Structures are given as C-alpha cells and as structure tokens.
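Here is a short report on one protein chain. Keep the sequence and the 3D view side by side while reading.

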Amino acid sequence: LPGVGIYKAYAIASGRRYRAAVSIGYRPTLGVSENVTVEAHLLGRRASLYGQTLQLDFLDYLRPEQKFFDLPALQRQIGLDIKKAWG
C-alpha cells in the first residue's frame with residue numbers, strides 16, 4: 001500500500017475514470033484521526049460518490065502529509081497539489 005502522503009492518481013467509479021489528487025493520512029488539520037484515511041479529490045466530478053467503491057490507480061507521489069494553520073490554507077494547498085499533478 002502507498003504510504004502517508006499526497007498522490008496523483010486516477011479514480012475509477014461506475015466505469016468512468018477521473019483525474020484525482022489523493023490524500024492518505026491522519027487528517028492533522030481537521031483533527032488527527034486515530035486511523036489512516038484515504039480521501040480522493042476527483043477533478044471534473046460534481047456529484048457525490050460517497051458510499052461508492054472507487055478504484056485508485058496511483059501515478060506519482062506529490063508530497064508528505066502536513067498540518068495547516070486553518071482550513072483555507074489547506075484548501076489553497078489542495079489547489080496547488082492539483083496544479084502540480086495535472087497542470
């Protein structure tokens with residue numbers, strides 16, 4: 001399994017493939033989780049896929065997990081991660 005960090009990936013759901021930025025880790029900015037979580041931000045997908053099974057194909061490691069000062073700082077970094085991954 002991939003280690004804790006942020007990744008460039010493809011997410012496959014309902015027969016469609018989406019570009020994604022994936023976080024594997026403990027969610028330190030939002031309150032540290034005891035368990036490792038996997039969160040995928042799918043580009044170009046507006047409807048929710050919560051509760052559905054996704055296949056994730058990891059393409060590249062982007063950076064380690066880090067804690068941000070607040071949610072807006074985290075959201076800015078997500079935007080930078082997406083730009084780094086997918087241009």
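Confidence in the chain is lowest in strand β3 (residues 37-42), with a mean pLDDT of 90, and highest in strand β4 (residues 55-63), at 97. This is a predicted model. The average pLDDT over the chain is 91, and 100% of the residues reach at least 70. Where pLDDT is low, predicted coordinates should not be read in detail.

## The sheet and the helix

Four strands form an open sheet in the order β3-β2-β1-β4, and the pairing is antiparallel. β3 and β4 are the edge strands, each pairing on one side only. From one strand to the next, the twist averages 30 degrees.

Take the pairing of β1 with β2. These strands run antiparallel and are joined by nine bridges. One residue pair is alanine 11 with tyrosine 18, its bridge partner in β2. On to β2 and β3. Six bridges join this antiparallel pair. Here serine 23 has glutamate 39 of β3 as its bridge partner.

How many of the 10 residues of β2 are buried? Seven are, so β2 is largely enclosed by the rest of the structure.

Helix α1 covers residues 71-86. The helix lies across β1, β2, β3 and β4, and runs at about 100 degrees to β4.

## Two residues with positive phi

Two loop residues deserve a look at the backbone. Serine 14 sits in the loop between β1 (5-13) and β2 (16-25). Its phi is positive, about 50 degrees, although serine 14 is not a glycine. The hairpin of β1 and β2 has two residues between the strands, and serine 14 takes its positive phi there. Is serine 14 buried or exposed? Serine 14 has a relative accessible area of 65%, so it counts as exposed.

Arginine 27 is in the loop between β2 and β3. This residue, again not a glycine, has a positive phi near 55 degrees. Its relative accessibility is 32%, so arginine 27 counts as partly exposed.

## Contacts across the sequence

Three strand residues show how separate parts of the chain come together. The table gives a C-alpha to C-alpha distance for each.

| Residue | Partner | Separation in sequence | C-alpha distance |
|---|---|---|---|
| Leucine 42 | Tyrosine 10 | 32 residues | 8.4 Å |
| Lysine 8 | Histidine 41 | 33 residues | 10.0 Å |
| Valine 38 | Valine 22 | 16 residues | 7.0 Å |

Leucine 42 belongs to strand β3. Its relative accessible area is 13%, which falls under the 20% cut-off, so leucine 42 is buried. Which residues is leucine 42 in contact with, leaving aside its neighbours within four places in sequence? They are Ala11, Tyr18, Arg19, Ala20, Leu49 and Leu54. Ala11 and Tyr18 appear above as bridge partners.

Valine 38 is also in strand β3. Not counting residues up to four places away in sequence, valine 38 touches Val22, Ser23, Ile24 and Leu56. Val22 is the partner listed for valine 38 in the table. Ser23 is the residue whose bridge partner in β3 is glutamate 39.

Lysine 8 lies in strand β1. Again setting aside residues up to four places away in sequence, lysine 8 touches Ala20, Asp57, Phe58, Leu59, Asp60, Leu62, Ala85 and Trp86. Asp57, Phe58, Leu59, Asp60 and Leu62 fall in the residue range 55-63 of β4. Ala85 and Trp86 fall within 71-86, the range of helix α1.

## The largest pocket

Rolling a probe the size of a water molecule over the atoms shows where empty space is left. The largest pocket holds about 900 Å³ of space. Its lining comprises 32 residues. Which of them lie nearest the centre? Ala21, Glu39, Ala40, His41 and Tyr50 do.

Several elements contribute to this lining. β2, β3, β4 and α1 each supply at least two residues. Two of the residues nearest the centre have already come up. Glu39 is the bridge partner of serine 23, and His41 is the residue paired with lysine 8 in the table.

Methods: Residues are numbered from 1 along each chain as its sequence is written. This is a predicted model: local features need pLDDT of at least 70, side-chain atom pairs count only at pLDDT 80 or more; totals for chains, interfaces and linings use all residues. Side-chain values use heavy atoms; hydrogens and water are left out. pLDDT is the predictor's confidence in each residue, from 0 to 100. Buried means under 20% relative accessible area, exposed over 50%, partly exposed in between (1.4 Å probe, protein chains only). Contact means heavy atoms within 4.5 Å. Two strands pair if DSSP finds at least two bridges between them. Axes are lines fitted to C-alpha atoms, for helices over the stretch in contact, and angles run from 0 to 180 degrees between N-to-C directions. On a 1 Å grid over the protein atoms alone, a cavity is a set of points where a 1.4 Å probe fits but cannot get out, and a pocket is an open set with protein on both sides within 12 Å along at least five of seven lines; lining residues have an atom within 4 Å of a point. Grid points are joined across faces, edges and corners, and a volume is the space filled by probe spheres set on the points.
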